[in-house]
Amino acid sequence: MTKNAYDEKLYPYSIKAFTHPARMGVVARLFGHGAAPFEKCRVLEVGGGDGVNVVSMALAAPDSEFVNFDLAESAIEQGRRLVERTGVRNVAQLAMNLMDVPASLGEFDYIIAHGVYAWTPQPVREGLMALFARHLSPAGIAMVSYNALPGCHIRRAVRDLAHQAARGHTEPEARIGAARAALEFHVARWDRANAAQNALLEEAKGILAKPDGVLFHDELCDDWNPQFVSDVARAARGQGLEYLGDMQRNLLGDALFPGQLHRETTHLTGGDFAAYEQIRDFADARPFRETLLCRAGAPLERRFDPARAKGLWIDGIFERVDTPGKAHSFRAAGGGEISTSDAGLADSLDRISKAWPAAVPLSDVAGDADTLEAMTRLFTGGAAGFSTSPFAAARVPGERPLAGKLARVQAAAGALEVTTLRHTPARIESDGLRAVLPLLDGTRTLEQAAAELAPAHGGDAASLRNARAALSVFVHTGLMEA
Ligand SMILES: C[S@@+](CC[C@H](N)C(=O)[O-])C[C@H]1O[C@@H](n2cnc3c(N)ncnc32)[C@H](O)[C@@H]1O
């Protein structure tokens, strides 16, 4: 196999919450499409690097089957070590080009291609669509993310600057250094009062905040082809696939509860949803898409229907706050304030909060169509989470606390970022708290774990205080199993 740039400098692969089948399935179900249960499904990740994303899923769904492949052999090697260390049994890690996937790999209920489509040349993009068409099960869902136009025109301008600065350097570190220096030079000079310069400044700051490995690959690679959503939908249709929707909540909300832009543009789109999405991208100058595709011909109904929300699960944190003149007000940890005079809805929000980080069946907290709609609006607004299956994160840890296996392996290897049982990344900055995580493997009490760490943590009492604080943070973050 030929080596690619990802063998030359490792990419910091990480967990992508929106690629989880239990989250993708929500959009599919709300749009009237089926979605295989996470507990019993086949998932393929294309270009998933070391496969940490599917390893996290696989540990939570032992009866499902996961395949990750990537062109970069070094990433797959790393992924195989991760499989060994976590002991996960249902993940295959393959070093493979997406152009050469054998038919014997079979069909998948979910296919994920995050950060691949816009970073590859036209023949490979066509190859990826063809792969979806060949390997998607009849009711399967593919998720292809990509840098989108028109938003990425601004990024193109900043990227051009970084590219010119890196030109002439061959070593990754020298290219990164030259690009960073040029970006910093201009960031210090661009004038915020000038709208165009302010846009460049914001974009450049975002790029500068990226780790070296991401900056090197995402910004300094040659093949970078941001896409119009309408072109992606056309390419999909050419392969017998259909545009289903997008994982971004505001777009989902706009589809379920159409607003003014939708009404004003119906005569332009003729009801073609992908055409409408393109108009939205021009309206919003959208730079990124998380597009869901399904097989053409599947019956789709993108309007909100309470019956379709019923089987879902909900999670969230809603803190009661005092708002003058409002009967019940909450601040949502997911963002935003909610005020309601409906005591039943307020009680439901309390119950959801009390269950965190565990999810509750939506049918338990939303008995009628109005409450189901209110909850769905909280979801599309980002205040609540929906899933087709509950995540394994527990509110009450066992007497011998058990943290998720992947997080324990990551913490033991010294990683600052670990993976929660909610399939999200969590950064644990404190060395003291992080040291506790690998010991919470279900074989010792918290007191025993603290005693083991006592010499390093300033004695028994200080170590126990630290361990208790750690457990409280881990529970809240969704790192602990029941
Ligand atoms: C920007 S990275 C994204 C990685 C990962 N999906 C993530 O988001 O963390 C792109 C990945 O696609 C892989 N890739 C590029 N072209 C490929 C191909 N033709 N076949 C398989 N993998 C490919 C690269 O090796 C790299 O790991």
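Trainee: At what angle do helix 7 and helix 8 pack?

Mentor: In this predicted model, helix 7 spans residues 172–187 and helix 8 spans residues 195–208. Their axes lie 10 Å apart, and the crossing is left-handed. The packing angle is about 145°.

Trainee: Which residues of helix 8 does helix 7 meet, and how many residues of the contact are nonpolar?

Mentor: Helix 7 contributes Arg180, Leu183, Glu184, His186 and Val187. Opposite them in helix 8 stand Leu201, Ala204, Lys205, Ile207 and Leu208. By class, the contact has 1 polar and 3 charged residues, and the number of nonpolar residues is 6.

Trainee: Is Thr120 buried or exposed?

Mentor: Thr120 lies in the loop between strand 4 (108–113) and helix 5 (122–135). Leaving out residues up to four places away in sequence, Thr120 touches Arg125 and Asp223. The cut-off for burial is 20 or more other C-beta atoms within 10 Å. Because Thr120 has 22 such atoms within 10 Å, Thr120 is buried.

Trainee: How far apart in space are Thr120 and Leu183?

Mentor: Leu183 is one of the helix 7 residues that meet helix 8. In sequence, Thr120 and Leu183 are separated by 63 residues. From C-alpha to C-alpha, the distance in space is 25 Å.

Trainee: Which helix gives the largest share of the largest nonpolar core?

Mentor: The largest nonpolar core has 126 residues, and those with the most contacts inside it are Val55, Ile111, Ile141, Leu293 and Ile314. The largest share of this core amounts to 7 residues, and they come from helix 3 (residues 52–60).

Trainee: How many residues are in the other core that lies apart from it?

Mentor: Among the members of this other core are Ala165, Ala179, Leu201 and Leu215. Leu201 also takes part in the contact of helix 8 with helix 7. The number of residues in this other core is 15.

Trainee: Why is helix 18 largely enclosed by the rest of the structure?

Mentor: The buried residues of helix 18 (residues 405–412) are Lys405, Leu406, Ala407, Arg408, Val409, Gln410 and Ala411. They pack against helix 3, helix 4 (73–86), strand 14 (402–403), strand 15 (417–419) and helix 19 (431–436). Helix 18 is largely enclosed because the buried residues number 7 of the 8.

Trainee: Which residues are the closest to the ligand?

Mentor: The ligand is surrounded by 22 residues. By class, this shell has 11 nonpolar, 10 polar and 1 charged residues. The closest are Tyr6, Gly47, Leu71, Leu98 and Gly115.

Technical notes:
Residues are numbered from 1 along each chain as its sequence is written. This is a predicted model: local features need pLDDT of at least 70, side-chain atom pairs count only at pLDDT 80 or more; totals for chains, interfaces and linings use all residues. A nonpolar core is a set of buried Ala, Val, Leu, Ile, Met, Phe, Trp, Tyr and Cys residues joined through C-beta atoms within 7 Å. A residue is buried if 20 or more other C-beta atoms lie within 10 Å of its own, exposed if 12 or fewer, and partly exposed in between; C-beta atoms are placed from the backbone. Helices (H or I, at least four residues) and strands (E, at least two) are DSSP runs, numbered from the N terminus. Axes are lines fitted to C-alpha atoms, for helices over the stretch in contact, and angles run from 0 to 180 degrees between N-to-C directions. A crossing is left-handed if the near helix is turned anticlockwise from the far one by less than a right angle, and right-handed if clockwise. Two residues are in contact if their C-beta atoms, placed from the backbone, lie within 7 Å. Ala, Val, Leu, Ile, Met, Phe, Trp, Tyr, Cys and Pro count as nonpolar, Asp, Glu, Lys and Arg as charged, and the others, Gly among them, as polar. A residue is near a molecule or strand if its C-beta atom, placed from the backbone, lies within 6 Å of it.
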